[in-house]
Amino acid sequence: ADVVCVAFRPDGNQLCSGTIRGLLRFWNVEDGSLICEIDGQKDIKGGRKINDRMTADNNASSRYFTSIAYSADGTCLLAGGNSKY
């Protein structure tokens with residue numbers, strides 16, 4: 001998936017990348033291995049009922065994180081993106 005934002009943890013040992021599919025992926029910088037990933041697309045899209053029509057306003061496919069940043073101590077990650085919520 002295409003990466004739109006990246007951030008290094010302050011200690012330099014971990015990298016987080018955000019993709020156009022709303023995934024946050026955490027990488028080990030030393031060996032390049034994937035540590036884990038979070039599917040954040042459900043968090044970005046807001047609520048809808050199952051029978052609501054799909055429109056440009058409520059389509060989650062165009063919503064993703066555009067900015068990510070670690071806290072100064074590296075224990076938290078803040079992510080923000082394209083959403084009307």
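Here are some short exercises on the structure above, each with a worked solution.

This is a predicted model, in which local features need pLDDT of at least 70 and side-chain atom pairs count only at pLDDT 80 or more, while totals for chains, interfaces and linings use all residues. Residues are numbered from 1 along each chain as its sequence is written, and side-chain values use heavy atoms, with hydrogens and water left out.

**Exercise 1: the overall layout**

Find how many helices and strands the protein has, and in which order they run.

Solution. Start with the terms: helices (H or I, at least four residues) and strands (E, at least two) are DSSP runs, numbered from the N terminus. The protein has 1 helix and 6 strands. Reading from the N terminus, the order is β-β-β-β-α-β-β.

Next, look at the surface. Accessible areas come from the Shrake-Rupley method with a 1.4 Å probe, and for residues only the protein chains shown count as cover. The protein exposes about 5,600 Å², and carbon and sulfur atoms supply 50% of that area. Of the 85 residues, 24% are buried; buried means under 20% relative accessible area, exposed over 50%, and partly exposed in between (1.4 Å probe, protein chains only).

**Exercise 2: the nonpolar core**

Work out which residues form the largest nonpolar core, and which strand gives the most to it.

Solution. A nonpolar core is a set of buried Ala, Val, Leu, Ile, Met, Phe, Trp, Tyr and Cys residues joined through side-chain atoms within 4.5 Å. The largest one here has 8 residues: C5, A7, C16, L24, F26, F65, I68 and Y70. At least two of these residues come from each of strand 1 (3-8), strand 3 and strand 5 (65-70). Strand 5 gives the most, with 3 residues. As general background, nonpolar side chains tend to be buried together in soluble globular proteins.

Now zoom in on one core member, C16. Its relative accessibility is 0%, so C16 counts as buried. Leaving out residues up to four places away in sequence, C16 touches C5, V6, A7, L24, R25, F26, I68, Y70 and L77, where contact means heavy atoms within 4.5 Å.

**Exercise 3: the cysteines**

Decide how many disulfides the structure holds.

Solution. A disulfide is a pair of cysteine sulfur atoms within 2.5 Å. The structure holds 0 disulfides. For C16, the nearest cysteine sulfur belongs to C5 and is 7.2 Å away. For C36, the closest cysteine sulfur is in C16, 8.4 Å away, so the two are too far apart for a bond. C36 is partly exposed, with a relative accessible area of 36%.

**Exercise 4: the salt bridges**

Count the salt bridges and say which residues E37 and D11 pair with.

Solution. A salt bridge is a side-chain nitrogen of Lys or Arg within 4 Å of a carboxyl oxygen of Asp or Glu. By this rule there are 2 salt bridges. D11 pairs with R9 at 3.0 Å, N to O, and D11 is partly exposed at 45% relative accessibility. E37 pairs with R25, with the closest N and O atoms 2.8 Å apart. That pair links distant parts of the chain: E37 is in strand 4 (residues 34-39) and R25 in strand 3 (residues 23-28), 12 residues apart. E37 is partly exposed at 41% relative accessibility.

**Exercise 5: one glycine**

Locate G81 and list its contacts beyond four places in sequence.

Solution. G81 lies in strand 6 (residues 77-81). Leaving aside neighbours within four places in sequence, G81 is in contact with Y64, F65 and T66. G81 and S67 are 14 residues apart in sequence and 6.3 Å apart in space, C-alpha to C-alpha. With 40% relative accessibility, G81 counts as partly exposed.
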